[in-house]
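This report describes selected features of a predicted model. It considers salt bridges, strand pairing and surface charge in turn.

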Amino acid sequence: MPATLCRIELRKHLRAARKALTHSQQQHAAKAIARQLENLTFYQHAKTVAGYLANDGEPELTETIAQCWQNKKQTTLPVLHPFSKKHLLFLRYCATTPMQFNRFNIAEPVLSATDICLLNQHDIILMPLVGFDVQGNRLGMGGGFYDRTLSALDPNHRPVLIGIAHDCQKVDTLPTASWDIPCDYIVTPSMVQRNPGCATPESHLHKSAQ
Ligand SMILES: Nc1ncnc2c1ncn2[C@@H]1O[C@H](COP(=O)(O)OP(=O)(O)OP(=O)(O)O)[C@@H](O)[C@H]1O
Ligand SMILES: [Mg+2]
């Protein structure tokens, strides 16, 4: 894809590409992504993982989240912040969590102060994306929700940020803006991409690399 496409055109093109995936391609992608994650040593050791509920053709994380529960990991989901415009909160999520639909028609845990999990209490944040490039830059849906929320991260004590994507979300070079928060890793059904600037040592990637 030409690197010169603007963000709006790229979003349109890449959203159409993922929405065109068949049900069986989506099922395959969800399983393959769950396997890729399971294979990462630092992921195996993670205790608290933020996920998302898929929307708009994003890879499903249902299997990944169920796997976390099996492995006694705590999982959270993003919730639209009730006061801070276009910010997210992360709330603990388990099989019995009461859910409601937000204004984007995405299910989210019903807000409860005791279930809020702070950013720095996460080991890993799995983020949906519309596009990514070889540098780990991330293009989202255009709301700036993740960018705003993650701008508050403490650089010395922060979760590993993993962008979850279909392979067809990759572009050579994304046009980036000063506020964009890049991913440490991108995981697709076919690969794990460790990005420049990633804080996790490469030796933490796979068991075989230790
Ligand atoms: N840290 C921030 N503070 C204030 N405004 C921000 C911040 N980050 C992003 N924005 C605003 O959000 C808008 C959308 O940003 P952008 O196009 O990068 O969204 P996105 O990365 O596609 O979405 P998301 O972060 O929800 O996945 C921009 O107009 C930008 O000014
Ligand atoms: Mg952005």
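## A buried ion pair

R18 and E58 are both buried. Their side chains meet in a salt bridge, with an N to O distance of 4.0 Å. R18 belongs to helix α1, whereas E58 is located in the loop between β1 and α4, so this pair ties together parts of the chain that are 40 residues apart in sequence.

## Further contacts of D56

R18 also forms a salt bridge with D56, at 2.6 Å from N to O. Because R18 is in helix α1 (residues 7-19) and D56 is in the loop between β1 and α4 (62-70), the contact ties together parts that are 38 residues apart in sequence. Both D56 and R18 are buried.

A salt bridge likewise joins the side chains of D56 and K19, with an N to O distance of 3.1 Å. K19 lies in helix α1 and D56 in the loop between β1 and α4, so the pair ties together parts that are 37 residues apart in sequence. The partners differ in exposure class: D56 has a relative accessibility of 13% and therefore counts as buried, while K19, at 48%, counts as partly exposed.

## The salt-bridge network

Which residues are linked with R15 in a network of salt bridges? The network comprises R15, R18, K19, D56 and E58. In the model, the count of salt bridges comes to 7.

## Strands β1 and β2

Strand β1 (residues 48-50) runs parallel to β2, and 3 bridges join the two. Within this pairing, V49 has T75 in β2 as its bridge partner.

How many of the 7 residues of strand β2 are buried? Strand β2 spans residues 74-80 and is mostly covered, with 6 of its 7 residues buried. In a regular strand, side chains alternate between the two faces of the sheet.

## A positive surface patch

K85, K86, R103 and R148 together form a positive patch on the surface. One of these residues, R103, is placed in the loop between β4 (99-101) and β5 (107-109).

Is R103 buried or exposed? Its relative accessible area is 62%, so R103 is classed as exposed; the cut-off for this class is over 50%. R103 thus combines a loop position with membership of the positive patch.

Terms used. Residues numbered from 1 in each chain as written. Chains lettered and ligands numbered in written order. Predicted model: local features only at pLDDT ≥ 70, side-chain atom pairs only at ≥ 80, totals over all residues. Heavy atoms only, no water. Patch = residues over 30% accessible without salt bridge, like charges linked within 9 Å, V, L, I, M, F, W, Y side chains within 5 Å. Areas by Shrake-Rupley, 256 points an atom, 1.4 Å probe, with all protein chains shown as cover. Lys, Arg positive; Asp, Glu negative; His and termini not counted. Charge placed at Lys NZ, Arg CZ, Asp CG, Glu CD. Helix = DSSP H or I, 4+ residues; strand = E, 2+ residues; numbered from the N terminus. Buried < 20%, exposed > 50% of the residue type's maximum accessible area, 1.4 Å probe, protein only. Pairing = 2+ DSSP bridges.
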